[in-house]
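Q: Please take a close look at one strand for me, and follow the chain outward from there. I'd like to see how its surroundings fit together.

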Amino acid sequence: MLKALIFDVDGTLAETERDGHRVAFNAAFRDVGLDWEWDEQLYGELLRVPGGRERIRHYIEHYAPPIECEFGEIRSIDRLIADIHGTKTAHYAGLVAGGQIKLRPPVAELLRAARRAGLRVAIATTTTRSNVTTLLEQLMPKARDAFSPIVTADEVAAKKPNPAVYLEALARLGLDADEVMAVEDSEAGVRAALAAGLRVLHTPSAYFPQRVDGVTARLAGCGPNDDAADCLVVAGLAELRAVEQAIAA
Ligand SMILES: [Mg+2]
């Protein structure tokens with residue numbers, strides 16, 4: 001029986017990637033004197049690499065951007081990545097605080113229904129705790145304490161699709177994998193949850209609209225393909241539970 005939902009953050013709770021992280025990365029590049037610009041298409045490609053620092057490193061190693069900054073200062077790559085990432089985190093917090101990012105309506109309704117039904121809700125994400133805290137305070141100031149546990153990159157270094165962050169969340173919930181479902185938008189996230197033994201409710205997002213194999217169902221209203229026959233689509237928690245009971249029977 002379903003007792004808890006573990007939510008991914010970026011792309012799942014809100015369209016943080018396109019409107020938040022991408023914009024913040026570009027502002028950070030300018031701040032450290034780099035003439036880099038991640039447009040929406042390029043950022044979609046880079047999102048295949050989970051984790052902000054890892055994404056910057058991948059860009060440097062595979063896209064060979066100019067690294068000499070305006071002061072002519074040659075820094076180590078590790079230091080440069082740390083500088084960019086720290087600056088970017090501050091810009092992201094500013095964008096969130098400015099109300100640029102909204103909770104996605106179908107996910108908001110799922111969250112409300114889950115709490116009404118007495119399900120526990122948790123978070124498993126590869127973003128930093130400071131990003132999560134900032135976002136929850138802005139998106140749901142009254143309900144932000146409802147999530148427990150919140151497992152972030154601060155506690156688990158391995159990024160999705162590694163299942164470590166889900167295994168940690170599951171351990172802290174103290175539940176069996178078959179009592180918990182993950183809510184995820186990206187393929188890497190879905191694979192992480194499946195590898196942890198969880199079932200997955202898929203919530204496609206702007207950068208991850210495509211079907212991912214292995215999910216239990218897709219949440220209606222989250223993607224452009226709700227009419228497609230490639231996946232079971234559920235309108236909300238009640239339908240999800242009905243599907244779950246039918247599968248268990
Ligand atoms: Mg995501």
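**Strand S3 and its surroundings**

A: Proline 149 lies in strand S3, which covers residues 147-151. Happily, there is plenty to follow from here, with the reminder that this is a predicted model. The peptide bond leading from serine 148 into proline 149 is cis, with omega near 5°. Most peptide bonds are trans.

Let's start with the first end of the strand. Phe147 belongs to the largest nonpolar core, which has 37 residues, and is listed with Leu5, Phe7 and Ile123 as touching the most other members. Helix H5 (residues 105-116) is the top contributor to this core, with 5 residues. Domain 1 (4-15 + 101-248) and domain 2 (17-97) each supply at least three residues to this core. Phenylalanine 7 shows the local packing well: beyond its neighbours within four places in sequence, its contacts include Phe147, Ile123, Leu110, Leu111 and Val183. Nonpolar side chains tend to be buried together in soluble globular proteins.

At the other end of the strand, Val151 is a member of another core, which lies apart from the largest one and has 23 residues, Tyr166, Ala193 and Val212 among them.

Going back to phenylalanine 7, the next residue takes us to the metal. The magnesium ion is coordinated by Asp8 through OD, Asp10 through O and Asp185 through OD, at 2.1 to 2.2 Å. Along the sequence these donors follow the spacing D-x1-D-x174-D. Buried means under 20% relative accessible area. Aspartate 8 has a relative accessible area of 6%, so this donor counts as buried. Aspartate 10 has 11%, and is therefore buried too.

Now follow the chain on from S3. Proline 161 sits in the loop between S3 and helix H7 (164-173). Here, too, the peptide bond is cis: from lysine 160 to proline 161, omega is near 15°. Pro161 also lines the largest pocket, together with residues including Gly44, Leu47, Arg48, Ser186, Glu187, Tyr207 and Phe208. The volume of this pocket is about 190 Å³. Helix H8 (residues 187-195) gives the most to the lining, with 3 residues.

To put the trail together: strand S3 runs over residues 147-151, Phe147 is in the largest core, Val151 is in another, and Pro161, in the loop after S3, helps line the largest pocket.

Conventions:
Residues numbered from 1 in each chain as written. Predicted model: local features only at pLDDT ≥ 70, side-chain atom pairs only at ≥ 80, totals over all residues. Heavy atoms only, no water. Core = buried A, V, L, I, M, F, W, Y, C linked by side-chain atoms within 4.5 Å. Buried < 20%, exposed > 50% of the residue type's maximum accessible area, 1.4 Å probe, protein only. Helix = DSSP H or I, 4+ residues; strand = E, 2+ residues; numbered from the N terminus. Domains from an automatic or database assignment. Contact = heavy atoms within 4.5 Å. Donors = N, O, S within 2.8 Å, 3.2 Å for Na, K, Ca; no water. 1 Å grid on protein atoms, 1.4 Å probe; cavity = no way out; pocket = protein on both sides within 12 Å on 5 of 7 lines; lining within 4 Å. Points joined across faces, edges and corners; volume = space filled by probe spheres on them.
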